[in-house]
Amino acid sequence: LFRSNKYISICFLGGLFFIEWRAALLVQNNSVNRILANINLYRIIDYSTYHKNYQNINIFNYPISSHILIFTITLVLFVAFFLLSALTYAKRYPYRKQFFAKVKNNIEIMAGKFCCKLGFVYFELYKLLIRGKKLFIIIAFILAEIILIYGTRVDFPARQRQMDRIYEEYGGGDWERFNGYVQNYENEISQAEAYIEDIKGVSADEENAHNIFMEAESLNSDLNEKRKILSEYKHITERKERIEADKGLVVYAMSDRGYDEIYGSNSYIREAGIIIMLIVITVIISSGYYIEEEQSGVDRLIKCSVSGIAKVYNMKLCILSAVITGVSALFIFMDMFFMAKLYGFKYINAPLVSITFMESRAGIIFANMKIWQYIILDIITKLSVIIISMFTALELSFKTRNLFYAPAVILLMSIAGVFSIYAYVYIKFFIILLAVVIMWGYIFLHRSCKEWGK
């Protein structure tokens with residue numbers, strides 16, 4: 001309808017512009033929709049307002065200058081509308097779309113020639129990431145990871161934040177200092193209880209009795225909060241004494257809250273989402289990587305070359321492994337960066353059993369493991385799951401010569417990946433050993449030079 005009648009299109013755009021203009025004027029600065037008042041069609045056209053008034057906009061708890069934000073949005077909209085216009089033009093005039101096809105082919109040829117001059121590695125990266133459009137999938141999943149991290153974050157209540165500050169100041173391995181603080185805290189509670197009892201003895205006929213009773217109620221409410229804090233402190237002390245008696249280990253006085261959001265039960269959605277993203281990316285990138293030359297007929301030329309197909313495929317395997325390992329490491333360290341910023345890795349040199357829910361995961365054999373050692377083990381375990389997924393996808397694509405297996409591989413490896421996140425420590429070591437065995441067997445045994453040449 002818009003294409004056939006330009007007047008309807010003009011009226012529609014005019015109405016949209018009017019709505020945007022009214023939103024820019026009426027939305028108050030203290031409203032949750034304040035971002036709509038700063039970023040809309042009217043503001044983009046009236047760009048001079050951003051130079052007259054400097055303003056920061058809070059996005060994911062990061063203050064970003066409105067100048068930078070509006071410039072980025074304008075650039076993105078320009079590119080998006082350009083592509084949309086090109087697609088619309090090609091659909092409306094199909095006999096003319098050869099022009100866009102020629103432009104696309106020329107760009108691909110120029111980029112391919114440039115990468116060929118740089119060497120085999122650069123050309124393979126170009127084929128894998130740019131021409132195969134895998135880079136755009138990776139970027140999309142990176143944005144999805146950031147949204148997932150901030151969508152599952154937790155803001156602790158004021159009481160818990162106060163307790164965590166006490167752990168940072170008085171906690172750690174110095175239990176004498178921590179017990180001294182707890183004893184002083186308990187004395188303050190006892191004094192407050194005695195004071196409240198004295199207040200309750202005031203006669204109702206006395207002057208200001210109502211104010212005194214209100215003060216008692218307020219103190220009693222604060223006292224209940226302090227009792228909850230003291231209860232947690234005593235629970236940690238009792239747990240420390242139990243572990244020392246049973247296992248002979250010295251644990252730290254520390255909070256579980258941050259680590260529970262990073263590695264505990266509260267991290268399930270984030271951790272599972274990230275490992276599934278990595279498995280999906282791995283299967284997409286790995287599938288069909290070896291049969292690309294076979295489908296184009298280039299494998300016949302490679303077999304006749306001096307290097308031979310075995311050397312070429314071994315180099316392709318190294319490049320693919322480097323790309324997938326690099327992408328996986330990027331995702332994992334991005335997650336760790338945001339976790340450190342949101343919750344922090346407190347007392348990273350403490351024994352792993354200092355974290356309550358880690359006591360069962362560590363078991364008896366790995367009870368002496370430190371927190372930083374577990375973090376490294378967790379990273380290697382995730383990379384091992386990704387490596388197993390890569391070799392599984394490669395083998396199935398090489399044997400079946402199609403991609404019908406990909407959903408099944410993603411499903412099975414996602415289940416295995418989620419299981420590995422919360423597995424016991426010895427199971428994590430087993431997964432790492434399994435990945436090493438599969439990698440060694442694939443490279444040195446199963447893929448002999450003779451088989452590459454078949």
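The exercises below, each with a worked solution, concern a predicted model of a protein chain.

**Exercise 1. Determine which secondary structure element holds Lys 428, whether Lys 428 is buried or exposed, and which side chain makes a polar contact with the side chain of Lys 428.**

Begin with the position along the chain: Lys 428 lies in helix H20, which covers residues 425-446. Next, take the relative accessibility of Lys 428, which is 0%; because buried means under 20% relative accessible area, Lys 428 counts as buried. Then turn to the polar partner, which is Asp 378, its side chain lying 3.2 Å from that of Lys 428, and this falls within the cut-off of 3.5 Å for N or O atoms. Finally, list the surroundings: when residues up to four places away in sequence are not counted, Lys 428 touches Tyr 374, Leu 377, Asp 378, Thr 381, Ser 420, Ile 421 and Ala 423.

**Exercise 2. Compare the expected span of helix H19 with the distance between its end C-alpha atoms, and work out where its buried residues lie around the axis.**

Helix H19 runs over residues 406-421 and has 16 residues, so at 1.5 Å a residue it should span 22 Å; the expected span uses one less than the number of residues. The end C-alpha atoms of H19 are 22 Å apart, which agrees with that expectation. The buried residues of H19 are Ala 406, Val 409, Met 413, Ser 414, Gly 417, Val 418, Ser 420 and Ile 421. Viewed down the axis of H19, these buried residues fall within an arc of 150°, and therefore they line one face of the helix. Leu 411, Leu 412 and Ile 415, by contrast, are exposed on the other side of H19.

**Exercise 3. Classify the ring pair of Phe 337 and Phe 338, and then that of Tyr 424 and Tyr 426.**

A pair of aromatic rings is described by the distance of the centres and the angle of the planes. The count for this chain comes to 17 aromatic pairs. For Phe 337 and Phe 338, the centres are 5.5 Å apart and the planes stand at 70°; because an angle over 60 degrees counts as edge-to-face, the pair of Phe 337 and Phe 338 is edge-to-face. As for accessibility, Phe 337 is partly exposed at 49%, whereas Phe 338 is buried at 10%. The rings of Tyr 424 and Tyr 426 have centres 5.9 Å apart and planes at 5°, so this pair is stacked. Tyr 424 has a relative accessibility of 40% and counts as partly exposed.

How values were computed: Residues numbered from 1 in each chain as written. Predicted model: local features only at pLDDT ≥ 70, side-chain atom pairs only at ≥ 80, totals over all residues. Heavy atoms only, no water. Helix = DSSP H or I, 4+ residues; strand = E, 2+ residues; numbered from the N terminus. Buried < 20%, exposed > 50% of the residue type's maximum accessible area, 1.4 Å probe, protein only. Polar contact = N/O pair within 3.5 Å; in protein donor to acceptor, adjacent residues only side chain to side chain. Contact = heavy atoms within 4.5 Å. Phe/Tyr/Trp six-rings, centres within 6.5 Å; stacked < 30°, edge-to-face > 60°. Arc of directions from axis to C-beta.
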